[in-house]
Amino acid sequence: MTDRHQRQPSLQGRIILLALLSILLVVPVHGTLSFLEQKQLLLADMKQQADESLASLSKNTAPLMASYAIAEYQKLVSTEAALGQYIAILVDDFQMARILGQPRYVSGSILMPDTGITPYNPADTVQQAQLTAQPYLLFERTLESDGQPLGRISIYMPQTAVEEKLNEILYDSLRSSLLLAITLVALLGLFVRYQIVSPLKDFLASLSERDAEGIPVNPLPGFKYREFSSLSETLNRMIGLIRASRAEIKQEGDRLLAVIEGTNVGTWEWNIQTGETVFNERWAEIVGYTLEELQPTTIDTWARLTHPDDLAESEKQLQRHFAGETDFYQCEARMKHKDGHWVWVLDRGKLSKTTPTGEPLMMYGTHQDITRQKETELRLSLAARVFEHVNDGVMITDTRGVIQNVNAAFSALTGFEPSEVTGRNASILSSGRHDCDFYRAMWSHLLNEGNWDGEVWNRHKAGDTYPVHLKISAIKGQNGATESYVAILSDISDFKAHEQKLEHLARFDLLTGLPNRLTMYDRLNQAMMQAREYDALLAVLFLDLDGFKEVNDSLGHEAGDQLLIHLSRRMHHAVRDTDTVARIGGDEFVILLPDLQNRDAGITIIERLLNATASPLRIHNTEVSVSASIGASFYDHHRAADAEDLLREADQLMYEAKQKGKNRYQLPG
Amino acid sequence: MFRSGLHRLKLCCLMGILLLVSPFAAASEADAPPRLAYLVSDLRIPFWSIMAGGVEQQAKELGYSVEVLSADNSARKELENTARALHDEVAGIILSPTNSSAAVTVLDLAEKAGVPVVIADIGTQGGEYVSYIGSDNEQGARELGQVLVKALEARGWSEGGVGIVAIPQKRENGKARTRGFVDALSSSGFQAAGIRQQVDFSYTETYTFSRELIESDPNLRALWLQGSDRYQGALDAIRDAGKEGEVLLVCFDAEPEFIEMIRSGQLVGAGMQQPRLIGEKAVTTLHAYRQSEPVPKRQKLPVLAVSPQNIDDLLPTIEKNVLGTGPK
């Protein structure tokens, strides 16, 4: 126990003292009140007794006195004195006084110590002495008869009863006080010692063993009494809570420290009123200093290192924050590195205390080195500008092909505004010209190789299809997983048109627009393949115009060309849609009739061709009339021949038809 | 103080007046004979006047002057008489009080004044006195009873009841009279048939009680009046009941006419006290006391049981001691 504890008052002592004081205060007060009450009751009783005695005596004595029956009323008085245990009852008989010529005639009874109730004799000095020897209460009543006073009865009631009662109550009170005090003090002492102090000592003993932070190590023991038990449980809960809270605070502190260290941020505490500012090591490190080099640190340390342009912005943001316009202060600022270059910091903070008058007082915040981010931002900004201004459409999708962003060129190309396609699948662009295999192959390549490159026909918002050169690249994240895709769509409509034009020139007759020899061969081979595959009948017609040379010679090449153009149209109309009319040179045509029911079907077409060519037509206001000689070869799966064989045979048969008079056809024999 | 002084003044005046009116005022105390006072309840009653005569006679003989003060049966007057006697500083008092209770007060006053008192006939309930002189009521009643029994038997009756019209039985003399009388009857074939206690001692009361007793017992042979003065009520009751000659009458005490009535048989007998003798004895006793002679505390004088048989023998005694008519 320490000296201070020694000096402190003892609970046990105080409780006992309190008990003693309570007893000493309460018992006498109670005794006094009790005495007063008893006294009142006693006096009331005495008065009542005296009144009753007086009433009885008055009633019985008055007639006796009136009839001068002195001895008779004296007997009554004697009896009453004995019954009432009075000091004396005296009767002043006025009549007798008059009769005897005396001032008074007093008789009665007096209680004498030796003789008991004794007739009163006023001349007896011993009786007089006895009458006044003890305190008494005097009750008197005047006796009357017919309104005339007869005498007076005086009852001397001993007051010793009151005093005896007082003494009795006082002694009782004293005895009770002492007994109560001794008992209560003893019991309280024992109780307090064993039931309060002892548990409290256990309590203190449990509390005395504490850890470095002053928190008790052991839980407080359980106690017998509810209050102590409750206190113990409460304290245990509190200790538990404190411990948990401490742990939580420590954890929080550690976490905060870890966060600060992890995020590599500098911290600052700024007393706005004094300008005093505290930085951490990282704060200095960001600008290339050690904290020691910056000492003493004030808000001027920050101002001195910050770019003047950014200081103004910082001040503006601070004032906004102080004015309550922003929840926290944030500003990006350039700070002069020790090496001379500028570093970007993200300066963030929050006002946490104000002065009683509402002035900002304390502010806490962080510095984050965002130089790299800034550079990245610049790069991204550049990229964004590229994204916006490049001629090719750029579309960014997630891994499922949902469009996340498109650029202006994309909108120009596809007709879709960014808002119309963002969030929708890229298939919105599909023209339907590519089958599933195409897309499956594309995705497969994309997934495996991370890119795909090719031409795709898309559908414009207006409904037209158009070709694009599509280049898709997977954008991979830090972990190598694909996060999104970037598709660059280059419009190749012009290129394709040019390409188609070149192909047309290569595969079609420039004059008539009919397939040329090259195309004729392709289609012939294809038709032969189909004939073989589907057991169909194919006819190959070799047609040569009769009289063309004459027209060409007489009317000129231009007329000859016109003739060829017109006849080509007629022949084209004379055959079925599935048939091919090709110009293979000068005035020679090859007509392919695939999928014939039989030869007659071929002959029908041959005849329509003959009619078409033989019908006259006007060229340059001159009626021109030519005819055609046709040789036909047939092919089905039974025949082992190639294209050349069929053409040669048809050519041969055409020649035979020409030989036989022209404007006719010749079938194989 | 003032009131007290006033009382003293009044007392002095009273004393002065009394001294002036006193016939003995002029005489010196040394020359005058010792004075006695006889405080008597009522001189109008012969019994007491006869007793007063005895007192006066005996006092005179012994050299006393005596002051007879009648209370006229008034308690107040009795007290006033007492006060007067004591004021007169009498040498002694003969007291025949109005009642035994009043006697106590008189005795108390006398004691305080240092005056000796002899009580004559009526007893006291307390107090200090020299001696009590009274009649032997029990003896008288017994003898009277025997006289009655003889008279009844003489008529040939051997049994029957006797009605008693009694004085209050709370009085000692009443009890003694009843006791003696009943004792006399007990050895005969007669018995007390009923008893009525007098309250106001009136004629009507005596008549009524007598009639009730007669009517309540058909076998009633006699009525006994413990007093004497209302004998006519009893006689009238017997007559009105038609029992004349059938119901006899005996009385205690005496009236002058009793002599003739006994002689005529109208009254079977009477127990006669001797008041004059009592008065004389009282004075004698007081004198003896004053002479410092031993005196008995109680003295009982014989009651004369007068019957037709002995009346003539007793007549001189009766006239002297009972009726006070004899030679003084």
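Helices here are DSSP runs of at least four residues, numbered from the N terminus. With that in hand, open the predicted model and let's walk through it.

**Stop 1: a loop in chain A**

Select A:Glu209, which sits in the loop between helix H6 (160-208) and H7 of chain A. Is this residue buried or exposed, or something in between? Its relative accessible area is 45%, so A:Glu209 counts as partly exposed. Now show its surroundings: leaving aside residues up to four places away in sequence, A:Glu209 touches A:Ile215, A:Pro216, A:Val217 and A:Asn218. With A:Asn218 there is also a polar contact between the side chains, at 3.1 Å.

Before moving on, add A:Leu137 to the selection and draw a distance. The C-alpha atoms of A:Glu209 and A:Leu137 are separated by 75 Å, with the two positions 72 residues apart along the chain.

**Stop 2: helix H7**

Next, select residues 226-263 of chain A, which form helix H7. How far apart should the ends of its 38 residues be? At 1.5 Å a residue the expected span is 56 Å, and the end C-alpha atoms are 52 Å apart, which agrees. Color the buried residues of H7(A), and you will pick out A:Phe228, A:Ser229, A:Ser232, A:Ile239 and A:Ile260. Step just past the end of H7(A) to A:Asn264, where phi turns positive at about 60°.

**Stop 3: a buried threonine**

Go back toward the start of the chain and select A:Thr61, in helix H2 (residues 11-66) of chain A. Its relative accessibility is 0%, and because buried means under 20%, A:Thr61 is classed as buried. Which residues does A:Thr61 touch, apart from those up to four places away in sequence? They are A:Tyr73, A:Leu76, A:Leu143 and A:Ile153.

**Stop 4: where chain A meets chain B**

Show both chains and select the contacts between them: 14 residues of chain A meet 15 residues of chain B. Together the two chains bury about 1,300 Å², with 63% of that on carbon and sulfur atoms. On the chain A side, highlight A:Tyr68, A:Ile99 and A:Pro103, which lose the most area to chain B and together make up 38% of what that side buries.

How many salt bridges cross between chain A and chain B? The count is 0. Polar contacts do occur there, in 4 residue pairs with both members at pLDDT 80 or more. To see which elements take part, select helix H3 (70-84) and helix H4 (94-100) of chain A; each supplies at least two residues of the side that touches chain B. H3(A) gives the most to that side, with 4 residues. By class, the chain A side has 8 nonpolar, 4 polar and 2 charged residues.

**Stop 5: a look at chain B**

Now hide chain A. Chain B has 11 helices and 12 strands, and 52% of its 328 residues count as buried. Of the contacts in chain B with a separation of 6 or more, 72% come from residues 24 or more positions apart.

While you are here, select B:Arg35, B:Glu67, B:Arg84 and B:Asp88, which are linked in a network of salt bridges. Then try B:Arg239 with B:Asp240, a salt bridge whose closest N and O atoms are 3.1 Å apart. B:Arg239 is partly exposed at 41% relative accessibility, and B:Asp240 is partly exposed at 36%.

**Stop 6: salt bridges in chain A**

Side chains of opposite charge can pair when their charged atoms come close. Over all chains, the count comes to 43 salt bridges.

Bring chain A back and select A:Lys461 and A:Glu420, whose closest N and O atoms are 2.7 Å apart in a salt bridge. The pair links distant parts of the chain, 41 residues apart: A:Lys461 is in the loop between strand E13 (451-459) and strand E14 (465-476), and A:Glu420 is in helix H14 (residues 418-421). Both are partly exposed, A:Lys461 at 43% relative accessibility and A:Glu420 at 28%.

For the last selection, take A:Arg648 and A:Asp645, a salt bridge with its closest N and O atoms 3.2 Å apart. What separates the two along helix H21 (residues 643-659) of chain A? They are 3 residues apart, which means a separation of about one helical turn. A:Arg648 is exposed at 52% relative accessibility, whereas A:Asp645 is partly exposed at 28%.

Key: Residues are numbered from 1 along each chain as its sequence is written. Chains are lettered from A and ligands numbered from 1 in the order in which they are written. This is a predicted model: local features need pLDDT of at least 70, side-chain atom pairs count only at pLDDT 80 or more; totals for chains, interfaces and linings use all residues. Side-chain values use heavy atoms; hydrogens and water are left out. A salt bridge is a side-chain nitrogen of Lys or Arg within 4 Å of a carboxyl oxygen of Asp or Glu. Buried means under 20% relative accessible area, exposed over 50%, partly exposed in between (1.4 Å probe, protein chains only). Contact means heavy atoms within 4.5 Å. Buried area is the accessible area (1.4 Å probe) that two parts lose on being put together, summed over both. A polar contact is a pair of N or O atoms within 3.5 Å; within protein, one must be able to donate a hydrogen and the other to accept it, and residues adjacent in sequence count only if both atoms are side-chain atoms. Ala, Val, Leu, Ile, Met, Phe, Trp, Tyr, Cys and Pro count as nonpolar, Asp, Glu, Lys and Arg as charged, and the others, Gly among them, as polar. The expected span of a helix is 1.5 Å times one less than its number of residues.
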